[in-house]
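I opened my notebook to look up a few things in this structure. My notes follow, in the order I made them.

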Amino acid sequence: MRALAKLGLGFAWAGLIAASAVPSAQAKEPFIIMVSGPLIEPFFGPLKKGADDAAKALGVEYQYSTIQDFNNVQADLTRLVQQAAARRPDVLVVSDFFPDSMGPQIKKAAASGIPVIIMDGGYESWRDVGGQAYVGYDSHLVGAQAGDLQSKAGVKHGLCVNQVPGNPALEAMCRGYVEAIKAGGGDAKTMTIPLQDTQNPQVNLQAIKGALAADVAIDGVYALGPTQVESAIRAVDEAGRTGKVEIGGLTVSRRVLEAVRDGKAMFVVDLQGYLDGYFGLTMAYQKAKFDMLPAEPIFAAPHFILQGDAQHIIDVNKEYAGYRGVE
Amino acid sequence: MFAASFVYLFFAVCAWRAGFVSLNGTAAWLDTSAEVGIVALAVGLLMIAGEFDLSIGSVIGATSILFAIGTNHYQMNPWIMLAMCFALGAVTGLVNGAITVKTRLPSFIVTLATNYALIGAALGFSRLLTNTTSSSIQTTPGVELLFGSQWGQANVAVLWWLALTVVATIVLWRTPFGNWVYATGGNESAARGAGVPTGFVKIVLFIVTSLTATLLGVIQAVEFHSGNAANGQGYVFEAPIVAVIGGVLLGGGYGSPLGVFFGSIIFGVITVGIFYAGWNTDWLMLFLGALLLAAVLANSYFRRLALSEG
């Protein structure tokens, strides 16, 4: 009898403690998972830095989930979304780079009650996959604006260099570029660099040089990565066509900025990944804590850097390294 | 050798208009062949001894980012950074060799593990120190001359490649060490029974392979004035492929540096020639595969012919 009473008292104590613990559990920080691109690709360094800075400013922790290499990128990213959803975060921020395979998983996560924010990749389908907000850019539009710029500068035969064939965002960008050049009265085509040589500067250089040699009419190049832009500049030089080919690029690096400043390249597009990460995480926090989200998509990009602004951006980057690409 | 000429003539014809058969066109494929050739030589020697090294990709990337961060962010003397890079390469090779020999695990797995470990470390440290995994480099004229100078559009890498091929040929065919390499790859237990220090041979070859990967990383960093931790991953499989095209047997015990030399030529000509020929680059991998298969079949046919006329 005594023992039973003691047991009952013990349970009551436990109940009291648990009850007092519940309110502080409700005040716990939001659990945010961000699934995005690998850090070996220069664009995502600043993106993650943006998310890190936002997390620090808000005093919240989050998890950045990504792949390690491009060998199996579509399947790996899809699997990451699945795993993230299984952990039931308060908010899921996803870069939907491959809507065909990642889309259904994102939809499932959204349907199971996890608020989803689409960041960076997947602008065309962000509402369809169940996203409640979007921050990033429209690749097709960026490509079109790049093509427009070159077309107005007199480019009649354009070449779009895509170093990650199969990536829908980059392919959309090249499509936009080609359409814009055609609309300006010229023609344009796309070339790809084999996936295993994406990070091989020698092959990038020889590939672009070869393409220029094979088609001497090319007078405009739009390259989708800083290594490719530098290779294009050098390839144009080595092919003996300096000054006859307009070069534009995607993603910032110091050497590309210097080339733009010195007139060797026409422009570089800053996709401002830092803003994507910063706003993506901030939006996730605000959704989790206050249930508030922007009503319309936020476009963080593009920002076209031309000759006049290049030096200023170089100086900013020197002071703040890692916010905008490679130093 | 026949395959190399066949492939070259094929592209000379298809890409004539684009100037493939010109000084610049020749420099283009020579540069590509030289870079893969430098590391394929060492990988080929290792394969003759019966082992694989899949960590060369990470050594190339780690070397380039180490050199870049040291000279660019910490303003260190390029020669000191070079010494550090080669030390890193040597240590990696030593680790690969020691683990493979001591544990008798397949080198395929051991070096795959060091590949991932090294690139993870390179990415992690570079991000920790500089918040980026890619950086420009600062060099001195001396370093530029040694690793990045050009004659026309041909890189000094071509000279390194030729020199290393000569050294490898001499070592393999004219020194006892060379015999040991063949013996180790041909039949390891018999070799050990005959007194060949197979463990020593393998460790030395692993170190040499990592050192050539370091050399390639440095050459690319100096030539392109930038380091990137992700560089070089493509070479992990391209180097063994080039060695196999060059006649090195996957099972070990057979092969020659000259074969690997011509294998590199075939690879460079095909990779670059396809772009000069102006073909749709989406089909690139298909062409590469078909032409590689043709080249290897031609090689093995002629080898059988030559061997049968004993």
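What radius of gyration does chain B have, and what would a compact globule of 310 residues have? Chain B has 20 Å, which agrees with the value near 19 Å for such a globule. I noted the rule: the radius is taken over C-alpha atoms, and the globule value is 2.2 Å times the number of residues to the power 0.38.

**Ground rules.** I am reading a predicted model, where local features need pLDDT of at least 70, side-chain atom pairs count only at pLDDT 80 or more, and totals for chains, interfaces and linings use all residues. Residues are numbered from 1 along each chain as its sequence is written, while chains are lettered from A and ligands numbered from 1 in the order in which they are written.

**Chain B.** I looked up its extent: the C-alpha trace spans about 60 × 60 × 35 Å along its principal axes. Chain B has 13 helices and 4 strands. These are DSSP runs, numbered from the N terminus: helices are H or I with at least four residues, strands are E with at least two.

Next I checked the UniProt record, an unreviewed entry. It lists "transmembrane region" for several spans of chain B, including 150-173 and 234-251. Such positions are in the numbering used here, feature names are shortened, and annotations may be inferred rather than shown by experiment. In residues 150-173 of chain B, the end C-alpha atoms lie 31 Å apart, with 71% helix and 17% strand. In residues 234-251 of chain B, they lie 23 Å apart, with 61% helix and 0% strand.

I also stopped at Q75(B). Its phi is near 50°, a positive value in a residue other than glycine. Q75(B) sits in the loop between α3 (56-73) and α4 (78-103) of chain B.

**Where the chains meet.** How many residues of chain B are in contact with chain A? I found 37, facing 32 residues of chain A. Contact means that the C-beta atoms, placed from the backbone, lie within 7 Å. On the chain B side, α2(B) gives the largest share, 5 residues. By class, that side has 12 nonpolar, 21 polar and 4 charged residues. Ala, Val, Leu, Ile, Met, Phe, Trp, Tyr, Cys and Pro count as nonpolar, Asp, Glu, Lys and Arg as charged, and the others, Gly among them, as polar.

**Chain A.** The unreviewed UniProt entry lists residues 41-289 of chain A as "domain: Periplasmic binding protein". That span is 50% helix and 17% strand. An automatic or database domain assignment gives domain 1 (32-137 + 272-296) and domain 2 (140-270) of chain A. Their centres, over C-alpha atoms, are 29 Å apart. Their contact takes 9 residues from domain 1 of chain A and 11 from domain 2 of chain A. The domain 1 side has 7 nonpolar, 2 polar and no charged residues.

I then picked a helix pair. The axes of α5 (residues 139-152) and α6 (residues 168-183) of chain A come within 6 Å and cross at roughly 35°. Axes are lines fitted to C-alpha atoms, for helices over the stretch in contact, and angles run from 0 to 180 degrees between N-to-C directions. By class, the contact of α5(A) with α6(A) has 12 nonpolar, 7 polar and 3 charged residues.

Last, I found a cis peptide bond between A301(A) and P302(A), with omega about 5°. P302(A) lies in the loop between β11 (298-299) and β12 (303-305) of chain A.

Key: Two residues are in contact if their C-beta atoms, placed from the backbone, lie within 7 Å.
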